[in-house]
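Open the model in your viewer and keep the selection tool ready. The tour goes stop by stop, with a selection and a short reading at each.

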Amino acid sequence: MINVGAPDFALGVVGAGAMGSGIAQVALTGGITVILTDASEAQLDKARAALFARIDRLVEKRELKPDSAAAAKARLTVAREIGALAPCRVVVEAIVEDLDAKRKVFRALEEIIGEEAILASNTSSIPIAAIAAACRHRRRVAGMHFFNPVPLMRLVEVIASTDTDPAAVETLSALGQRMGRTPVVVKDAPGFLVNFGGRAYYQEALHILQESVATPADIDLVMRECCGFRMGPFELLDLTGMDVNYPVSEIVLKGYGYDPRVKTTPLHASMHLAGRLGRKSGHGFYRYDADGKKIASPPAAMSGAAPPARVILPEPHEGLVALAVAAGVETQAPDDGTSPIMIAPWGEDCTAAALRLGLDPRRTVAVDLSHDTTKRITQMMAPSGDVAIGDAVAALLAAAGRTVTRIKDSPGFIAQRITAMVANIGCEMAQMGLASPADIDKAMQLGLNYPLGPLGFAEKLGVRTTYDIMRQLFDSTGSDRYRPSLWLRRRALLGLPAATPD
Ligand SMILES: NC(=O)c1ccc[n+]([C@@H]2O[C@H](COP(=O)([O-])OP(=O)(O)OC[C@H]3O[C@@H](n4cnc5c(N)ncnc54)[C@H](O)[C@@H]3O)[C@@H](O)[C@H]2O)c1
């Protein structure tokens with residue numbers, strides 16, 4: 001293993017664009033000597049100026065002492081010629097996302113650097129094995145996948161490919177730590193960890209939209225207010241842009257042999273084709289004004305209906321009783337044949353739950369009590385459900401102090417469906433040994449700002465409940481997209497925590 005703390009250790013960075021200059025910056029502030037190269041002289045000048053300005057801002061914000069900033073700047077050398085990287089013991093490549101261009105750089109680097117030096121690529125979608133295949137010494141080739149903007153994103157995925165020497169992986173992890181990042185070791189697989197796992201959140205939202213169950217605004221509100229995500233899936237799609245997230249979806253889908261679990265929807269493709277890219281084009285799932293601010297549409301008006309005098313609760317449920325009591329609605333009366341019936345199913349749509357329980361589907365209203373229900377509650381009814389009954393239950397929930405999201409019938413509502421899918425893909429990542437269970441959660445939280453990792457969501461829902469939701473989704477749709485991960489199934493059947501290793 002290379003000593004990344006040695007006084008003569010130098011890191012080479014090829015490509016001084018958005019990523020390369022960020023990688024150089026965190027290395028410099030971490031006390032590392034950096035040689036930064038780029039094919040373009042102008043880009044090098046620009047990168048150095050921007051990087052120094054960012055370091056100065058850290059001083060202004062008192063996050064860095066002036067003498068440390070000066071020392072960091074003094075540790076930087078920029079050069080147009082790749083030959084300048086000869087003394088480097090690790091080189092990170094961050095040039096254009098093009099396999100041939102990357103292979104050329106790696107071959108050129110092998111001609112100039114020492115026998116034991118490590119070569120890492122910051123690629124987000126090219127298999128490390130494909131780059132290593134062009135090299136003489138494949139054991140020293142790995143991935144070092146940073147996230148944008150590098151100085152703000154603490155995660156770095158260290159990608160170990162088929163031939164990568166474990167010592168190289170250790171060196172890159174130690175280097176990541178010196179750069180103030182949190183390294184997570186990940187196998188060389190399509191999308192690596194975060195770009196694979198991240199599909200579940202927004203793609204399931206796209207599937208819910210495709211089924212006309214709810215609007216993007218409704219789905220975003222539920223995921224933020226009930227599940228604690230900082231951004232809703234459609235806000236996230238608009239922020240990253242369809243020109244970025246659609247091609248990544250295609251790469252991951254192809255890489256996993258067109259597994260329906262990671263399939264996006266036709267709407268996503270047509271938005272990409274039509275140039276409805278999101279914030280950057282002023283129009284995505286939302287519209288944006290000239291200042292880039294989201295133009296909000298007014299919330300749906302309430303019907304003006306009054307809460308019912310009583311509700312029928314066919315199954316004992318503390319949460320439902322508490323809501324009815326808070327709204328001053330009676331819960332103990334026998335079924336009078338006219339009052340609303342309230343249920344809180346897991347994984348089922350209202351139709352299936354009403355029929356299973358032998359209830360009148362026209363009077364049955366399903367509400368989702370799976371996540372935080374203090375602000376917002378989702379309700380749905382079977383087709384042919386009595387609108388007046390739905391209005392009365394919405395009024396009950398409003399009287400209990402909740403904002404109501406009304407959706408069409410859907411197995412698992414919005415929140416159960418999306419969080420169970422996130423958990424299921426997380427379990428599949430654990431099953432594939434993409435990373436350790438703890439690292440899967442750490443990477444998804446740091447890389448995507450999730451409130452919990454996927455295995456954390458399985459624990460929150462309950463491992464058995466997560467499995468049941470997936471089974472219900474699978475049974476009701478007949479789609480392989482919803483087949484439960486075997487990792488999840490075994491732990492659910494055995495009553496074990498989601499992160500239990502094999
Ligand atoms: N931007 C992101 O969000 C992001 C996130 C993670 C990983 N990545 C990956 O990082 C890499 C760089 O992305 P970026 O956004 O910084 O790109 P960028 O276009 O901002 O920068 C690329 C730089 O590489 C230089 N370059 C191109 N070919 C070169 C060559 N043969 N030799 C030397 N320099 C060369 C260009 O002059 C440019 O300055 C890509 O592989 C990308 O997939 C990007």
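**Stop 1: the cavity**

The largest cavity has a volume of about 50 Å³. This is a predicted model, and a search of the whole structure finds one cavity of 30 Å³ or more.

Select V222, C226, D368, S370, H371 and D372 to start drawing the lining. Then add T373, R376, I377, T378 and A415 to complete it. Which strand supplies the largest share of this lining? Strand β11, residues 376–381, does, with three residues. Colour the lining by class next: four residues are nonpolar, four are polar and three are charged.

**Stop 2: the second largest pocket**

Keep R376 selected. Besides lining the largest cavity, R376 is among the residues closest to the centre of the second largest pocket. That pocket has a volume of about 560 Å³. Its lining counts 26 residues, and those closest to the centre are D218, L221, P299, A300 and R376.

Now show the secondary structure. Helix α9 (216–225), helix α15 and strand β12 (403–407) each supply at least two residues of this pocket's lining. Which element gives the most? Select α9: five lining residues come from this helix. By class, the pocket lining has twelve nonpolar, five polar and nine charged residues.

**Stop 3: the ligand**

Centre the view on the ligand. A shell of 21 residues surrounds it, and M19, D38, E97, K102 and N122 come nearest. Show those five as sticks.

Turn on distances for the polar side-chain atoms. For E97, a side-chain N or O atom is 2.5 Å from an oxygen atom of the ligand. For D38, a polar side-chain atom lies 2.7 Å from a ligand oxygen. For N122, the corresponding distance to an oxygen atom of the ligand is 2.9 Å.

How much of the ligand does the protein cover? On its own, the ligand has 840 Å² of accessible area, and the protein covers 71% of that. Select α1 (18–29), α4 (99–112) and β6 to see the elements that give two or more residues to the shell. The shell divides into ten nonpolar, eight polar and three charged residues.

**Stop 4: a cis peptide bond**

Select N148 and P149. Is the peptide bond between N148 and P149 cis or trans? The bond is cis, with omega near -5°. P149 is found in the loop between β6 (141–146) and β7 (155–160). Most peptide bonds are trans.

**Stop 5: two positive phi values**

Most residues other than glycine have a negative phi. Two residues to inspect here depart from that.

Select F192. Its phi is near 50°, a positive value in a residue other than glycine. F192 lies in the loop between β8 (182–187) and α7 (194–197). Is F192 buried or exposed? F192 counts as buried because its relative accessibility is 2%, below the 20% cut-off.

Select S384 last. This serine has a positive phi of about 75° although it is not a glycine. S384 lies in the loop between β11 and α15 (387–399). Buried or exposed, for S384? S384 is exposed, because its relative accessible area is 59%, over the 50% cut-off.

Notes
Residues are numbered from 1 along each chain as its sequence is written. This is a predicted model: local features need pLDDT of at least 70, side-chain atom pairs count only at pLDDT 80 or more; totals for chains, interfaces and linings use all residues. Side-chain values use heavy atoms; hydrogens and water are left out. On a 1 Å grid over the protein atoms alone, a cavity is a set of points where a 1.4 Å probe fits but cannot get out, and a pocket is an open set with protein on both sides within 12 Å along at least five of seven lines; lining residues have an atom within 4 Å of a point. Grid points are joined across faces, edges and corners, and a volume is the space filled by probe spheres set on the points. Helices (H or I, at least four residues) and strands (E, at least two) are DSSP runs, numbered from the N terminus. Ala, Val, Leu, Ile, Met, Phe, Trp, Tyr, Cys and Pro count as nonpolar, Asp, Glu, Lys and Arg as charged, and the others, Gly among them, as polar. Buried means under 20% relative accessible area, exposed over 50%, partly exposed in between (1.4 Å probe, protein chains only). A residue is near a molecule or strand if one of its heavy atoms lies within 4 Å of it. A polar contact is a pair of N or O atoms within 3.5 Å; within protein, one must be able to donate a hydrogen and the other to accept it, and residues adjacent in sequence count only if both atoms are side-chain atoms. Accessible areas come from the Shrake-Rupley method with a 1.4 Å probe; for residues, only the protein chains shown count as cover.
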